[in-house]
Amino acid sequence: KTTYWGHACFTVEVRGKKLLFDPFITPNPLAAGIDIESIEADYILLSHGHEDHVADAIYLAKKTGAKVICNWELFVWLGKNGVENAHPMNTGGSFRFDFGTVKCTVAQHSSSLPDGTYGGNPMGFVISTDTESFYYAGDTALTLDMQLISATKPALQLALLPIGGNFTMDVNDAIKASDFIQCNRVIGLHFDTFGYIKIDREKAIQSFNENNKELILLNIGESI
Ligand code: NI
Ligand code: MN
């Protein structure tokens with residue numbers, strides 16, 4: 001079960017555990033209808049340090065007690081802000097948690113923290129259980145490194161990819177990324193939140209269809 005909270009923020013339930021990605025809810029006017037107090041999490045995964053990915057991370061980590069999975073620099077930043085239940089990783093690393101395995105993938109982007117300090121390298125995540133896998137790309141350009149992700153076992157069933165352009169891949173690059181990772185079922189993220197990343201939803205879905213791919217654009221608060 002995947003629920004969209006706006007921008008790049010999702011909850012994905014894996015084996016009964018709620019994985020919350022890149023919480024940015026209270027500063028997002030499009031997510032004004034979401035009560036942050038209703039958000040539950042067993043794990044919080046942070047792709048990089050930008051405000052539009054970590055704005056509610058400290059608050060929700062403390063409130064829920066969820067374990068935060070992130071790169072080393074975000075781990076240190078969380079510790080300075082009183083979040084001790086965290087697991088540091090870095091690009092290329094994998095670790096087996098109770099819900100499945102997290103592999104940190106290359107994301108071609110930048111990463112600084114809201115206080116201006118260095119945020120380490122941005123990452124994406126491949127989450128795998130014994131029977132299924134999905135890819136959360138984070139903020140990234142299209143990169144040939146994504147071809148390596150196609151070797152994921154079990155094969156990817158779903159990919160959460162940025163489609164808004166300007167700061168990340170746009171729709172056309174996300175279609176190429178979908179080829180690179182060999183996964184034709186995509187949920188879009190990082191679109192419409194700011195003026196720079198407004199998209200034409202119908203055209204985006206149509207472009208995916210023309211390439212025999214599926215683009216799912218969830219409404220904020222909607223689950224599939
Ligand atoms: Ni970013
Ligand atoms: Mn971003």
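## The β5–β6 pair and its sheet

Let's start with strand β5, residues 67–71, which runs parallel to β6 and is joined to it by four bridges. If you want a spot to click on, take Asn 71: its bridge partner in β6 is Met 89. Keep in mind as you look around that this is a predicted model.

The two strands belong to an open sheet of six strands, in the order β1-β2-β3-β4-β5-β6 and with mixed pairing. At the edges sit β1 (2–4) and β6 (86–89), each of them paired on one side only. Going from one strand to the next, the twist averages 20 degrees.

## Helices on that sheet

Two helices come up here. Helix α2, residues 57–64, packs on the sheet and touches β3 (17–21), β4 (43–45) and β5. The direction of α2 makes about 165 degrees with that of β4.

Helix α3 (residues 72–80) also packs on the sheet, with β5 and β6 as the strands it touches. Its direction makes about 135 degrees with that of β5.

## Around strand β12

Further along the chain, have a look at β12, residues 185–189. This strand is mostly covered, with four of its five residues buried. β12 pairs in the parallel sense with β11 (residues 156–162) over four bridges, and also with β13 (residues 214–216), again in the parallel sense, over three bridges.

Val 186 is a handy landmark, as it turns up in both pairings: it is the bridge partner of Ala 159, and its own partner in β13 is Leu 215.

How does the chain get from strand to strand? From β11 to β12 there is helix α5 (residues 171–181), and the three make a right-handed β-α-β unit. From β12 the chain crosses through helix α6 (residues 201–210) to β13, and that β-α-β crossover is right-handed too.

## The nonpolar cores

Which residues touch the most other members of the largest nonpolar core? They are Phe 125, Tyr 135 and Leu 161, out of 49 residues in that core. Leu 161 falls within the β11 range, residues 156–162. Leaving aside residues up to four places away in sequence, Leu 161 touches a list that includes Tyr 135, Ala 137, Met 169 and Ala 174. Also on the list are Val 186, Ile 187, Gly 188 and Leu 189, which puts Leu 161 in touch with residues of β12 (185–189).

Apart from this core lies another one, of 25 residues, and among them are Ile 34, Ile 39, Ala 66 and Leu 113.

Technical notes. Residues are numbered from 1 along each chain as its sequence is written. Chains are lettered from A and ligands numbered from 1 in the order in which they are written. This is a predicted model: local features need pLDDT of at least 70, side-chain atom pairs count only at pLDDT 80 or more; totals for chains, interfaces and linings use all residues. Side-chain values use heavy atoms; hydrogens and water are left out. A nonpolar core is a set of buried Ala, Val, Leu, Ile, Met, Phe, Trp, Tyr and Cys residues joined through side-chain atoms within 4.5 Å. Buried means under 20% relative accessible area, exposed over 50%, partly exposed in between (1.4 Å probe, protein chains only). Contact means heavy atoms within 4.5 Å. Two strands pair if DSSP finds at least two bridges between them. Axes are lines fitted to C-alpha atoms, for helices over the stretch in contact, and angles run from 0 to 180 degrees between N-to-C directions. A crossover is right-handed if, with the strands pointing away from the viewer, the path from the first strand over the helix to the second runs clockwise.
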